[in-house]
Amino acid sequence: MLTAPINKILPYSVVDGPGNRVAIFVQKCNIHCAYCHNPETQNLCSGCGACVEGCPAGALKMEQGRVVWDEKLCCGCDRCIKVCPNHASPKVTPMTAQQVFAKVCESIPFIRGITVSGGECGLYPEFLMELFRLAHTKGLSCLMDSNGTIDLSRYPELMEICDGVMLDVKSWKEETFRQLTGSGNEVVKKNLKYLADSEKLTEVRIVCLPGMVDAEDCILGISRTLSGEQIRRLPLKLIRFRHFGVKGALENHPSPDLAYMQGLEALARAQGFEKILIL
Amino acid sequence: MSNAVYDIITSTHLNYHQKLNNLCHEAENTLNVLELPEKFKYFYEYGALCDMNEGNAPYRPRYVMVDFEKFVRQGSKFLRIDPPKNLDELLWALEVLYTYIPSITTKPVYLGNIDLLIDPFLEGMTDEEILPRLERFLGFCDRVIANAYSHANIGPKATRAGRLLLQLEAKLQLEVPNLSLKYDPDITPDDFAEQAILCSLKCGNPAICNHKAHKDTYSFDYGISSCYNILPLRGGAYTLSRLVLPRLAKMAKSVDDFMDNLLPEACQALGEYMNARVSFLVEKSGFFQSDFLAQEGLVERERFVGMYGIAGLCDCVNLLLADKGQRYGNSKEADDLADRIMTYVQNFVANFPAKYSEIAGGHFLLHAQAGLATDEGVTSGVRIVVGDEPANLLDHLRHSARFHRFFPTGCSDIFPFDSTAERNPAALLDIVKGAFQIGDKYCAFYGADGDMVRITGYLVKKSDLEKYDRGEVVLQDNVINGSSNYKLNRLQDRKVQSV
């Protein structure tokens, strides 16, 4: 059976798309953002065992070269995540779409849909197709929360049943993007246009961090890429960088001030954006 | 008695109206006119049956639900008010009438479905003309009535008046009127319901009432009064008395003793007491014979019911199962016992003959009583005690639905939210829709970081509680009740829902 490594399933979330939704976080990402607020979702566990020894609940043990996590014993202190040298987590369960769907069903009738986030959900297109087909049988809308670095036009069947993508446009200049994530952004720009033209672009987000992120260029670049009507209808989230959860050079970096964010908002408004939210 | 009167008169902690009310209460309690059943006296001594301090000689119903639509159509001879012809006349007429509506609090507990009353008078007026008038009207409620049990309703349909009232509520941050939205997803548009929910996160009002679940409670339309009492319009509640379940549980030797002996005896005694009370009110007090509200048909005696209350189901079950450590809201065994207790009470009430209760088929109706200022170890109605709330809000709502089903005349939950929720009121509306679909009857939200806090079902400002606790005199009556209830029920520790 086809499975995906699942880091976490939130039974309800108000911050993962329109209305109340179950949010599903897959494990593993194909890029490594310096400001990532859940870096423990970036890699699959390498089995190094660094987390096992100090687990205060005795919920971790080594078995045949792999770290095994006992959810029942786990006290949720997240120590294992903090000590992991590999930006991974031992608390990941491979699940079939059917199993994830069973968890989703526990939140009916309180939700209008599901959102698959990560990690990068675009790494698991077949899993997503299966999950979305199941969710649609209950009338739930299905969104992807994606970093946009996987060419979604290569998965027309998935895009047919996916109700929308919440897309990160992390930076506009190739070099800036590379510095931030370790990879290029040509595909992100392609996805931006492709998703907007196929009416699957639910929202665009920019995490704003002056010096690291060219948010101004992002706003201008997006507005040049899309039509005036597409811009007018597109929800734009300007997210202030926050250091919570961040590991590495930015872990104590301050957030940009409100004046900076309002400047960005004004710029976006001047480009024709009407649905702008500062978070 | 004389000491109590002297203390009231010389208090530097009560305002003039509060003193007057307390003196009235002392005067009423010099009488002993009710024929109290012996068993009632017995359980009353233990605090297991409670008369809600309604006073020894009822001279007005507890809650009066004036038919304001009728009043607007016919005016009032007694008050010398003609049917209003424009918004100013309407608001003035309502304000005058409000001051003559009696209740257990001495203030009107039901102010009408105010959006539907106001909306027809808005034609031809601009928002700029309407808003200051509505602001003064709400100010009248807040400053003159000044009692947060006074409850206005809006909805279920969206109206211009409803939207403007919500806009003002969010701006003015008023405890009075208490406000509820009658919500029905088939009638209430999402944007109006979302405006209401966002408003509640900002100022505590309105609470959301499951209209579909309540609209057929009576053969006549209903209104919501005080702390979520679902009552017939042009009628009301004679009385609300209650079983204080944890205090009854303390008297029990075992679960079987509780179920087989104490509960049946206490239920019977409370029913008999309520009949004695209702009889005096109807036959002797003269209210229904002489008050202009009855004479002009704004209330009708046949539309009143007695509310048979229960409180502290949670604490009761936790006490009965203490040796097993099973707790209500977190254990199947505890919840099943709670269900058994409620099923017994429900059957008792459905069979016990209540006097003068035509609108309820000759019986009392069950109410999940939300608390008294002095309650300690008595959690509101069937709510889960603070500290034991399930981690998953959806589990909490499912639990609520299981127990709300017993109560036709009001049962509710209160949830504080962190500020994240304000970003997405549509998400909270989805939760409300789900909750109402599975049978939840009522829920209230407020922002955990704001000044406003919902106590049992009414709002007070935390800043007013602090002021009162410093010994200062306060305008709002409910601060006095809220002050002790907030502490005794550890409301500052309510689980803040983070989503």
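## Exercises on a two-chain model

K332(B) is exposed, with 65% relative accessible area; here exposed means over 50%, buried under 20% and partly exposed in between (1.4 Å probe, protein chains only). The model is predicted, so local features need pLDDT of at least 70 and side-chain atom pairs pLDDT 80 or more, while totals for chains, interfaces and linings use all residues. Residues are numbered from 1 along each chain as its sequence is written, chains are lettered from A and ligands numbered from 1 in the order in which they are written, and side-chain values use heavy atoms, leaving out hydrogens and water.

**Exercise 1.** Find the salt-bridge partner of K332(B) and place the pair in the chain.

Step 1. A salt bridge is a side-chain nitrogen of Lys or Arg within 4 Å of a carboxyl oxygen of Asp or Glu. For K332(B) the partner is D336(B), at 2.6 Å from N to O.

Step 2. Both residues belong to helix α16 of chain B and are four residues apart, about one turn of the helix. Helices (H or I, at least four residues) and strands (E, at least two) are DSSP runs, numbered from the N terminus.

Step 3. D336(B) has a relative accessible area of 29% and is therefore partly exposed.

**Exercise 2.** State which parts of chain B are linked by the salt bridge of R402(B) and D339(B).

Step 1. The closest N and O atoms of R402(B) and D339(B) are 2.9 Å apart.

Step 2. R402(B) lies in helix α17 and D339(B) in helix α16 of chain B; the two are 63 residues apart, and the pair links distant parts of the chain.

Step 3. R402(B) is partly exposed at 28% relative accessible area, whereas D339(B) is buried at 12%.

**Exercise 3.** Explain why helix α15 of chain B counts as largely enclosed by the rest of the structure.

Step 1. The helix spans residues 313-320, and seven of its eight residues are buried, so the rest of the structure largely encloses it. Among the buried residues are L313(B), C316(B) and L320(B).

Step 2. The cover over these buried residues includes α11, α12, β10, α16 and α17 of chain B.

**Exercise 4.** Describe the interface of chain B and chain A.

Step 1. Chain B gives 22 residues to the contact and chain A gives 16, where contact means heavy atoms within 4.5 Å.

Step 2. About 1500 Å² is buried between the chains, 61% of it from carbon and sulfur atoms. Buried area is the accessible area (1.4 Å probe) that two parts lose on being put together, summed over both. L394(B), R423(B) and D430(B) supply 34% of the area that chain B buries against chain A, more than any other three residues.

Step 3. The chains share one salt bridge, formed by R112(A) and D430(B) at 2.7 Å, N to O.

Step 4. On the side of chain B that touches chain A, α17 and α18 each supply at least two residues, and α18(B) has the largest share, eight residues.

**Exercise 5.** Work out how domain 1 and domain 2 of chain A meet.

Step 1. Domain 1 covers 3-41 + 92-278 and domain 2 covers 45-88; such bounds come from an automatic or database domain assignment. Their contact takes seven residues from domain 1 and six residues from domain 2.

Step 2. The area buried between the two domains is about 520 Å². P39(A), E40(A) and K247(A) supply 75% of what domain 1 buries against domain 2, more than any other three residues.

Step 3. The rule finds zero salt bridges across this interface.
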